[in-house]
Amino acid sequence: MTLLRLALRNLVGAGLRTALNVLVLALAFLAIVASLGLLEGMNQQTSRAMLEVEYGGGQYWHPVYDPYDPLTLEEAHGPLPASLQALVGGGEAEPILIIQGTMYPEGRLRPVLLKGIDPEQTALTLPAHVLAEGADDPEEIPILLGSRMAESTGLGPGDFVTLQWRDVNGTIDARDARVAEVMSTPVQSVDMNQAWLPLSRLQEMAGMPGEATLLVLAREPARSGPSLPSVATSDGWVLQTTNDLLADVRNLVRAKRVGASIVYALLVFLAMIAIFDTQVLAIFHRKREIGTIMALGMTRPRIVALFVLEGVLQGVMAIAVGILLGAPLLWRFSQVGWRLSEKADSYGYALGDTLYPVYDPGVLLQTGILLLLVTALVSWLPTRKISSLTPTEALRGRAA
Amino acid sequence: MEELERGMDGILIETRGLTKRYPMGEGEIVALQDVSLTFRKGEFSGIVGPSGSGKTTLLNIMGSLDTPTEGTARVLGHQVESLPHGDAAELRSRHIGFIFQTFCLLQFYTVFENVEFPLLLLGMPARERRKAVIEALERVGLADRAGSKPHQLSGGQSQRVAISRAIVKDPKLVLADEPTANLDAENSHNIIQTMERLNRDLGTTFIFSTHDDKVIRYLRRTIRLEDGRVVGDAASGPAADGADAFGGPAGDAEGTP
């Protein structure tokens, strides 16, 4: 308590020097928290969008389906096993059929994935309901395109475009399709080079009635709920949990974090230079003061503790100042978000046009603790000089 | 401590064959050489001599701020030459007050906080601390400047704050190193009179290092150092006309008059 009181007195007495150190530390703290918030926002926003638009509560994949290998699509279809069919019947899952095809917008050839989805489905937030109109009309095929696909092909609602595909027997067929709607979605993987069709229509076109490539679960299964069909009871269809499906997103964010951590390290380093510099100067400039308090009876370990405490208190003040001054700013930032440029859409993150930062209290706490620990270390390093200082040397203001 | 003092016939400090050498380049400087002295409770004594005669070194060793190269120094029952740093700090904290030539006030602290500092180290409760600080400041006539910062004080006032800080914990011993060196004549008289009064009123032992004649006139015992050796030790000042002022024969230094 005595040390705390003395440390506070010294810091208040140092005035401008303390204020500048605290300001630099607070800015570093704020910058770290703000950028961590952006990364966490990116993680949550991308994950949420992917789950809502593409992954649902998890998926079952046909045994040979590999989304990274289009060649598997030729074989990646089949009737749903009874155990999975039961999920569809119970409204807990939606089947999706994927085949390869070709689109000819304005006479140009464009390879596409044709994806069949039930217009009545509710598992995903895709506006599949627009496919209901004309779904049973043998004369036209309604298709749903993403805005990126529409832009790159020059197609809009009501436009017709020729589709070509091979059915299950390898027979090539082609027909005109009508663009029922253009959807705007942050998720590129349901947009670029894809066309969504009514499931029953695609099954009929491909000669694959009742077949699917994957099954989207409507909800993420509760940990304590009834267990989902295993690989053994689902004829080899493989359950992909949301964790499995989001692994790529998380890896991307993790890679970003590694890059960002270099910037944090730089920020912390700059802030710590201020503290280190202050401490080194203090040891030399306050040498006579150290000698005086030694003469008055303070032990060297307590003097070291006093100096370290002064450094740590600057860290505490910086965090307090950072929170007080930064909280309104960060809150506003989290509401307004960070407007992303159009280029950001091509980076592969399903972020939409605005990134909303998310500030996790745990991350705030970790950052604060890290800052305090580093501050304590940096405050302590120069004070080792004090350990070799005798009172008479200190009183004379001489180097140790 | 009282028991110790009684057992030692009121002796607070006893040095035997004290020698201090400092390395200097390839050679060394002998700051003190074979100094044997005894100081008793209640003394108002001074170590005098020219600059470089070893006064401050002797004072530092007696204050446990430094250790001798050879010889022994028994201070308030502790052997300074073998005293661990922590114990030396404890000894200073509890029983020894220091007054320095340059005042050595803590610049960020108010007068009150400067005087309070030694009591904080002793862990004294706030109420007692406040009472003791006010009392110590009243003794030096600076109670009304308790809220001032050191830079707002004159040299004389600063030294009186230093005296107040030295006596606030009611120490057995106050060591004053050239306390008037930075003061004008009037302030020097005031300071030395203040300390003499405290010595008389509180019974605190004061030992000075000085070459200031204005201070020497007030001393009741004068120990003269030259080139690190004791060359004189005698009762002095106004009380020296008769027996020495501290109850014993003048000239406690062995081998000196």
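**Strands, a chain contact and one proline**

Visitor: In strand 5 of chain B, which residue is the bridge partner of V75(B)?
Guide: First, this is a predicted model: local features need pLDDT of at least 70, side-chain atom pairs count only at pLDDT 80 or more, and totals for chains, interfaces and linings use all residues. Residues are numbered from 1 along each chain as its sequence is written, while chains are lettered from A and ligands numbered from 1 in the order in which they are written. Strands (E, at least two residues) and helices (H or I, at least four) are DSSP runs, numbered from the N terminus. With that sorted, look in strand 5 of chain B, and the bridge partner of V75(B) is H78(B).

Visitor: How many bridges join strand 4 of chain B to strand 5 of chain B?
Guide: Two strands pair if DSSP finds at least two bridges between them. Strand 5 covers residues 78-79 and runs antiparallel to strand 4. In their hairpin, which has two residues between the strands, L76(B) takes a positive phi near 50°. As for the bridges joining these strands, the count is two.

Visitor: Which strands of chain B stand at the edges of the sheet?
Guide: Four strands form an open, antiparallel sheet in the order 2-1-4-5. Each edge strand has a single partner, so one side of it is left without a neighbour in the sheet. Those edge strands are strand 2 (27-40) and strand 5.

Visitor: What is the bridge partner of E14(B) in strand 2 of chain B?
Guide: Strand 1 of chain B is joined to strand 2 by ten bridges and to strand 4 (residues 70-75) by five. Opposite E14(B) in strand 4 stands R74(B). In strand 2, the partner of E14(B) is T38(B).

Visitor: Which helix gives the most to the side of chain A that touches chain B?
Guide: Counting residues as in contact when their C-beta atoms, placed from the backbone, lie within 7 Å, the contact takes 17 residues from chain A and 19 from chain B. On the chain A side, helix 1 (2-14), helix 8 (287-295) and helix 11 (391-396) each supply at least two residues. The one giving the most, with five residues, is helix 1 of chain A.

Visitor: Is P67(A) buried, partly exposed or exposed?
Guide: This proline lies in the loop between strand 1 (59-61) and strand 2 (78-79) of chain A. A residue is buried if 20 or more other C-beta atoms (placed from the backbone) lie within 10 Å of its own, exposed if 12 or fewer, and partly exposed in between. P67(A) has 18 such neighbours, so it counts as partly exposed.

Notes:
Contact = placed C-beta atoms within 7 Å.
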